[in-house]
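Biologist: Thanks for making time for me today. Could you walk me through this structure, one question at a time?

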Amino acid sequence: MGANLESFISERVTPISGDVCDENLGIKDCTLREEMWKEIDIVLNSSATTNFDERYDVALGTNTFGAFHVLSFAQNCVKLKVLLHVSTAYVCSEKGGNILESPFYMGDTLKGTSKLDINAEKELVKEYLDRLRVQGATNEAIISTMKDFGIERAKLYGWPNTYTYTKAMGEMLLGQFNQNLPLVIIRPTMVTSTYKEPFSGWIEGTRTIDGVISAYGKGKLECFTAHPKSILDIIPVDMVVNSMIVAMVAHANKSSKIIFHVGSSLRNPMKLYTLHEFIFRYFTRNPWIGKDGKSIKVGKGIVLSSMAQFHAYMAIRYKLPLKVLLLANVVLFQYYRDMYIDRMRKVALGMRLVELYKPYVFFTGSFDDSNTEKLRVAARESDADVHLFDFDPKCIDWEDYIMNTHIPGLVKYSMKP
């Protein structure tokens, strides 16, 4: 669209500020609310906090009750044809094998040992926050404590992190209270840069695998942790968007709920080890230029195939030298104190990140996409331009996409010096 983009958008789109954490999406103007309820016929909810270790209160407010508030708002829309909610395929947690497009029901847990009460979780968070404030905890302490609390509650019920746990609870609320509203839940896997539209390689920020690619290219990553059989289930963002558009059209005015897995692990799987090979070749041929203007030379890196190997590597490579530094501090009257604290902090951060990503780098399941395949078939049989709304991962050549589209896009749009 070039220079015409702004006028093109403003003629067609009315942005309204609000907040999914609030009832009525935070829209205070009664007249505006009534107008929206009268005119809106499709509601699409993609709001989320995607941090694996988000504060529990923030994740619960956005990912869980945010979904419920969107549903409540949609139920007031008199012309509503469909509500589409974007979740994540990883609500399944760490299952192996073939993972079906199955719904969650209220109270489900992945451990199956106890019932999950979402309202009780909300009250628990409020009590926890009130107690911290009464104790005079600093904002930094509250953030840290609430992050740990989220992980703790997630693991109690079988989820590996706060993100997937709160997204699963959001699905439960939608399923319980949708009252025969046409409901579509899209569960994408790891979303990556565009395959074709609006142009190949576009990406905003770094997501999932991109942090690893960026750190490797800058020479900051010396080892990889991955199960030999792990499948890296990635899907370009434009394919996810295309599936959403087609699903909304196909399921408009159908009083039912349906779930679509949008990923690649079943129809065009790529091993995590293969990504390792691709990024080594890319940054060997196209080295990152450091702040000093010099090319950064990357090595193949050590591949650790289990957490036991990772912990052993960390102990020898980092923790043992830290103990030596601690001893030197005692002898030299804390001469290396700042260096010791800085390195301790970096090691602790590295350990935490690996723990957070462990469910994905050791993931051996594949996501069944029977519903999504039926959607693709229906699109091909309709009058729609299937090339314009393509979301079939079988057409992706992973070597070409990673080497010539995704990494160049990441370097251009998201990797900072």
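Biologist: By class, how many nonpolar, polar and charged residues does the lining of the second largest cavity have?

Modeller: Please keep in mind that this is a predicted model. The second largest cavity is lined by Asp233, Gly263, Ser264, Ser265, Leu266, Arg267, Phe367 and Asp369, and about 30 Å³ of space lies inside. Sorted by class, that lining comes to 2 nonpolar, 3 polar and 3 charged residues.

Biologist: And what is the volume of the largest cavity?

Modeller: Rolling a probe the size of a water molecule over the atoms shows where empty space is left. Over the whole structure, the search finds 2 cavities of 30 Å³ or more. The largest cavity has a volume of about 40 Å³.

Biologist: Which residues line the largest cavity?

Modeller: By class, they divide into 2 nonpolar, 2 polar and 4 charged. The residues that line the largest cavity are Tyr195, Lys196, Glu197, Asp238, Met239, Asn242, His387 and Asp390.

Biologist: Glutamate 197 caught my eye there. What is the omega of the cis peptide bond that joins glutamate 197 and proline 198?

Modeller: Glutamate 197 is in the lining of the largest cavity. Its partner in the bond, proline 198, is found in the loop between strand S5 (190-192) and helix H7 (209-217). For the cis bond between glutamate 197 and proline 198, omega is about -5 degrees.

Biologist: Let's turn to the pockets. Which element gives the most to the lining of the second largest pocket?

Modeller: This pocket has a volume of about 600 Å³ and a lining of 20 residues, with Thr14, Ile16, Met36, Ile40 and Leu44 nearest its centre. Strand S1 (42-45) and helix H3 (56-74) each supply at least two residues of that lining. The element that gives the most, with 4 residues, is S1.

Biologist: How many nonpolar, polar and charged residues are in the lining of the second largest pocket?

Modeller: The lining holds 20 residues, including Ile16 and Met36. Split by class, the count is 13 nonpolar, 5 polar and 2 charged.

Biologist: What about the outside: about how much accessible area does the nonpolar patch on the surface have?

Modeller: One member of the patch is phenylalanine 8, found in helix H1 (residues 5-10). Phenylalanine 8 counts as partly exposed because its relative accessibility is 30%. Met1, Leu5, Phe8, Ile9 and Val13 form the patch, and their accessible area together is about 440 Å².

Biologist: Some backbone angles look unusual to me. Is asparagine 253 buried or exposed?

Modeller: Asparagine 253 has a positive phi, near 65 degrees, in a residue other than glycine. Its place is in the loop between helix H8 (237-250) and strand S8 (257-262). The cut-off for exposed is over 50% relative accessible area. With 55% relative accessibility, asparagine 253 therefore counts as exposed.

Biologist: And what is the phi of asparagine 24 near?

Modeller: Asparagine 24 lies in the loop between H1 and helix H2 (30-39). Asparagine 24 is partly exposed, with a relative accessible area of 27%. As a positive value in a residue other than glycine, the phi of asparagine 24 is near 60 degrees.

Biologist: Now for charges. How many salt bridges does a search of the whole structure find?

Modeller: Side chains of opposite charge can pair when their charged atoms come close. One of the pairs is aspartate 57 with arginine 55, at 2.6 Å from N to O, and both of these residues are buried. For the whole structure, the number of salt bridges found is 15.

Biologist: How far apart are the closest N and O atoms of arginine 281 and glutamate 399?

Modeller: These two residues form a salt bridge. Arginine 281 lies in helix H9 (residues 272-285) and glutamate 399 in helix H13 (residues 398-413), so the pair ties together parts that are 118 residues apart in sequence. Arginine 281 is partly exposed at 22% relative accessibility, and glutamate 399 is partly exposed at 37%. Their closest N and O atoms are 2.3 Å apart.

Biologist: In which helix do aspartate 342 and arginine 345 both lie?

Modeller: The side chains of aspartate 342 and arginine 345 meet in a salt bridge, at 3.2 Å from N to O. In sequence they are 3 residues apart, about one turn of the helix. The helix that holds both is H11 (residues 337-361).

Key: Residues numbered from 1 in each chain as written. Predicted model: local features only at pLDDT ≥ 70, side-chain atom pairs only at ≥ 80, totals over all residues. Heavy atoms only, no water. Patch = residues over 30% accessible without salt bridge, like charges linked within 9 Å, V, L, I, M, F, W, Y side chains within 5 Å. Areas by Shrake-Rupley, 256 points an atom, 1.4 Å probe, with all protein chains shown as cover. Salt bridge = Lys/Arg side-chain N within 4 Å of Asp/Glu carboxyl O. Buried < 20%, exposed > 50% of the residue type's maximum accessible area, 1.4 Å probe, protein only. 1 Å grid on protein atoms, 1.4 Å probe; cavity = no way out; pocket = protein on both sides within 12 Å on 5 of 7 lines; lining within 4 Å. Points joined across faces, edges and corners; volume = space filled by probe spheres on them. Nonpolar A, V, L, I, M, F, W, Y, C, P; charged D, E, K, R; others polar.
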